[in-house]
Amino acid sequence: MNTFHWKILYLSQDPGLIRLQLAGEALAREKAEPLRDDVSTDEITPVHILSHYDNTLGDFAHTGLRCGDENPIGRQSLKQAGFQVLVAGRRYGKGSSREHSPTAEKLAGVQLVIAENFERIYRQNADNIGLFTSTDFGLLERIERGENITLADLVQGREALAASVLAAGGLLRWGQRFLATTTSPTYQAPRAPQTLFEKILMRHRLTTPNTPDQPQAGDGLFVQADWRFIHEYYTGMADTLLRGELGPDFTLQRPEQIVVFEDHTSYVDESPAHLRGGLIAKMRAMRQAQRDFAARYGLRLHRTLTEAEVLLDDGSNVAGISHAMVAEHYALPGQVVVGTDSHTPHSGALGCVAFGVGTTDMANAFVTGAVRVTLPEAVRVELQGRMPAGVTAKDLMLQLLATPYIRSGNGVGKVFEFTGQGIAHLSIDERATLTNMCAELGGLTGIVAPDAETVRFLKARRGVNFQLESWMHSDANAHFAHQMTVALDTLCPMVARPGDPGQGIPLSELPERVRIDIAYGGSCTAGKREDFDHYHRVLSWGLKNSLKVPEGVQVFLQYGTTAVRDYCVAQGYDKTFSALGVRILQPSCGACANCGPGSSTHSAQVTVSAINRNFPGRSGPGQVWLASPPTVMASALAGELISFEDLQRRTHPTT
């Protein structure tokens with residue numbers, strides 16, 4: 001592979017240096033430094049353009065990249081400049097599972113991305129489409145000298161399966177060659193103590209080429225999933241990939257274990273980003289492509305109704321955000337669940353292995369039944385004591401995200417097991433916040449060993465009489481690469497500054513007053529029953545104390561699922577919400593995916609949100625502060641960032 005003509009673009013923190021390179025000036029690495037860390041998939045391919053999954057996707061590569069207060073890469077700029085190599089700093093590709101990001105880069109002409117390290121889903125997606133990634137900065141000097149770079153150079157240090165997939169030109173080609181005769185999982189008794197994650201994965205492991213008989217951390221393997229799910233941003237793309245590789249007549253393996261969700265675009269007609277971009281027609285076409293695919297193969301489809309359709313519904317429609325729905329209706333302890341969303345780990349709260357994959361991974365899983373995963377190291381998070389009143393699992397996660405261990409990227413690709421006597425005091429809804437936000441920690445997934453609370457939840461919420469099995473826990477001497485200990489009684493309300501979920505700070509230590517324009521409660525992370533208990537408790541207290549939402553502040557609450565909506569109506573919460581002028585939204589990802597009411601419309605707006613991530617542009621052009629459900633609603637009543645405890649103290653000061 002001769003690289004004499006390869007052009008290198010250094011993704012500098014200085015937007016002016018990026019513009020110089022786009023204009024044709026070559027920079028040495030030392031001139032471009034410091035490089036951008038934490039380049040997110042929201043920046044590589046902003047969420048509002050994900051309806052593009054043809055060649056036009058390459059026009060949008062890195063149009064959301066934020067350097068200082070600027071977006072230096074415009075539409076078609078990367079493609080027209082002709083760069084083949086991108087170079088960045090730490091944690092490249094963090095965030096969403098969207099395969100659109102490496103696909104856009106490849107369609108823009110990029111052949112190689114070099115960074116200090118990569119987020120797991122981004123790198124696996126890049127492998128699957130044949131885009132090379134490397135952590136070897138020594139390649140840069142060789143490229144600049146015009147040396148011949150071989151395939152062996154590009155896959156140096158990669159595990160055998162990843163190297164084999166890249167050599168084959170991508171996962172679909174590899175899968176058709178090696179997975180056509182894949183049989184059922186074969187379980188082998190372990191040679192050493194195992195974590196719960198390892199036990200589950202090994203019970204689902206498939207025997208395939210380039211995968212070891214006794215896998216170790218870092219080895220690639222294939223497993224058979226109990227559930228595979230997909231949503232509308234990916235289904236048309238997966239269908240297109242399969243038709244292009246296999247022709248129009250392909251067969252889905254175990255279609256009864258595939259579930260399809262329409263959960264991101266229910267409010268697209270009210271989405272400022274899509275209206276401005278003239279993308280509504282493409283979004284509708286993308287949505288219809290999924291409906292057609294589900295109908296063609298007889299797949300279960302859960303679709304959130306519009307507000308007009310809800311008025312005509314007899315109550316039989318069951319829908320909501322995909323990963324929340326999977327925990328409500330499908331996943332069980334000991335199972336493997338994969339979905340095309342980075343927050344698939346939500347179901348890890350039930351004691352199953354649940355992780356997000358990209359489009360090609362899911363397309364391959366549709367037709368082979370096999371799902372690719374790299375065996376991760378494990379981190380044990382021991383929870384001690386009880387959380388104080390008014391502190392939630394969201395505060396715990398914002399605190400973990402701010403730790404040096406996570407901020408430096410040590411959580412990338414790992415599995416986080418939440419354990420300790422403190423876990424017994426957390427409900428499944430709260431545990432789901434922990435496992436869901438392992439995506440923000442950079443992890444493959446999160447998991448909680450099933451216990452009496454799990455059994456209670458399954459019976460109360462789903463009518464399932466589940467029997468725990470003796471193996472469903474980590475062995476006493478199981479190996480963990482790292483241990484984190486959290487004294488729950490020391491936690492306090494947290495917020496994360498705009499730009500990254502890892503920029504957490506105790507709210508009491510915030511040095512400046514932060515006024516807000518929008519308060520948003522919802523998303524998979526914070527659209528559950530107990531989240532709405534928090535929203536209602538704060539707002540009902542405000543109503544009793546004659547508080548009102550300040551003029552100019554908009555407040556939105558969006559249910560995670562129809563079951564959560566029905567619970568809130570039965571509890572009478574909707575009356576309190578209405579009395580304070582809160583806009584209630586039907587179940588959808590909505591503003592969390594910058595697709596509907598609750599998103600900011602201009603850069604001067606400030607939002608306090610209970611969603612899980614606040615990367616630039618994630619929920620509109622404004623600034624997004626992350627906070628817990630009670631803090632979001634207290635801030636809504638105050639018109640500025642404040643904890644519920646401080647709002648109560650301010651309203652009724654002691655004398």
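1. In this predicted model, helix H6 supplies four residues to the lining of the second largest pocket, the largest share of that lining. Other elements that give two or more residues to the lining are strand E4 (132-134), helix H8 (151-154) and strand E12 (370-374), alongside H6 itself, which spans 120-129.

2. The space in the second largest pocket comes to about 700 Å³. Its lining is made up of 30 residues, and those closest to the centre of the pocket are Phe118, Arg123, Arg158, Gly218 and Thr374. Sorted by class, the lining holds 12 polar and 11 charged residues, together with seven nonpolar ones.

3. Helix H6 is mostly covered, with 10 of its 10 residues buried. Among these buried residues are the charged side chains of Arg120, Arg123 and Asp127, and Ile121, Ala126 and Ile129 are also buried. Just after H6, glycine 130 adopts a positive phi of about 85°.

4. On the cysteines, the count of disulfides is zero. The sulfur of cysteine 352 cannot be paired because the closest cysteine sulfur, in cysteine 438, is 13 Å away, which is too far for a bond; cysteine 352 is itself buried, at a relative accessible area of 0%.

5. Cysteine 589 gives a similar reading, because its sulfur lies 6.5 Å from the closest cysteine sulfur, in cysteine 524, and this is too far for a bond when the cut-off for a disulfide is a sulfur pair within 2.5 Å. Cysteine 589 is buried as well, with a relative accessible area of 7%.

Conventions:
Residues are numbered from 1 along each chain as its sequence is written. This is a predicted model: local features need pLDDT of at least 70, side-chain atom pairs count only at pLDDT 80 or more; totals for chains, interfaces and linings use all residues. Side-chain values use heavy atoms; hydrogens and water are left out. On a 1 Å grid over the protein atoms alone, a cavity is a set of points where a 1.4 Å probe fits but cannot get out, and a pocket is an open set with protein on both sides within 12 Å along at least five of seven lines; lining residues have an atom within 4 Å of a point. Grid points are joined across faces, edges and corners, and a volume is the space filled by probe spheres set on the points. Buried means under 20% relative accessible area, exposed over 50%, partly exposed in between (1.4 Å probe, protein chains only).
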